[in-house]
Amino acid sequence: MLFQHVSRVRSLYRRILLLHRVLPPDLKALGDQYVKDEFRKHKTVGSDEAHRFLQEWEVYAAVLWQQAKENRQNSTEKACFGAALPEEKLNDFRDEQIGQLQELMQEATKPNRQFSITESRKPKF
């Protein structure tokens, strides 16, 4: 169960929502809603899935923190957020997850956004 790790889950959830404050308003709203939905959906998953879930969101938080830091340092350039999704990870996704990813991509790439989504930037830890 995901809630066996309650303090870790709450801390990660709060950290992600705090990190979203650096995002442009429309991307922040999209990200906040997605995070809330995903954490809600995973409240009752098994131990193995909970562990993978937390690991992936911790990686997301680390990447977002790094990108926010880089964007602050390069304040004259347009803010860039996102990372390439390796094909081997895509192969592990269920059909439902692929559908969610497509919906997110469509929403995030609508015209007139205040941000750009990079495809080649790799996270630096």
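Helices H1 and H2 are roughly antiparallel to each other, because an angle over 145 degrees counts as such, while under 35 degrees counts as roughly parallel, 65 to 115 as roughly perpendicular and the rest as oblique. In this predicted model, local features need pLDDT of at least 70 and side-chain atom pairs count only at pLDDT 80 or more, whereas totals for chains, interfaces and linings use all residues. Residues are numbered from 1 along each chain as its sequence is written, and side-chain values use heavy atoms, with hydrogens and water left out.

Two packed helices are described by the angle between their axes and the distance between the axes. H1 (residues 6–19) and H2 (residues 25–41) pack at an angle of about 165°, with axes 10 Å apart. Here the axes are lines fitted to C-alpha atoms, for helices over the stretch in contact, and angles run from 0 to 180 degrees between N-to-C directions. The crossing of this pair is right-handed, that is, the near helix is turned clockwise from the far one by less than a right angle, an anticlockwise turn being left-handed. On the H1 side, the contact (heavy atoms within 4.5 Å) is made by Val-9, Leu-12, Tyr-13, Ile-16 and Leu-17; H2 contributes Asp-32, Val-35, Lys-36 and Phe-39. These residues comprise 7 nonpolar, no polar and 2 charged, where Ala, Val, Leu, Ile, Met, Phe, Trp, Tyr, Cys and Pro count as nonpolar, Asp, Glu, Lys and Arg as charged, and the others, Gly among them, as polar.

H1 also packs against H3. The axes of H1 and H3 come within 10 Å and cross at roughly 30°; the two helices are therefore roughly parallel to each other, and the crossing is left-handed. Arg-8, Val-9, Leu-12, Arg-15, Ile-16 and Leu-19 of H1 meet H3 residues that include Leu-54, Trp-57, Glu-58 and Trp-65. By class, this contact has 10 nonpolar, no polar and 3 charged residues.

The largest nonpolar core, a set of buried Ala, Val, Leu, Ile, Met, Phe, Trp, Tyr and Cys residues joined through side-chain atoms within 4.5 Å, has 15 residues. Leu-12, Ile-16, Val-35, Phe-39 and Trp-57 touch the most other members. The elements giving two or more residues to this core are H1, H2 and H3 (47–73).

Over the whole protein chain there are 5 helices and 2 strands, as DSSP runs (H or I, at least four residues, for helices; E, at least two, for strands) numbered from the N terminus. Their order is α-α-α-β-α-α-β. Of the 125 residues, 29% are buried, meaning under 20% relative accessible area with a 1.4 Å probe and protein chains only, against over 50% for exposed and in between for partly exposed.
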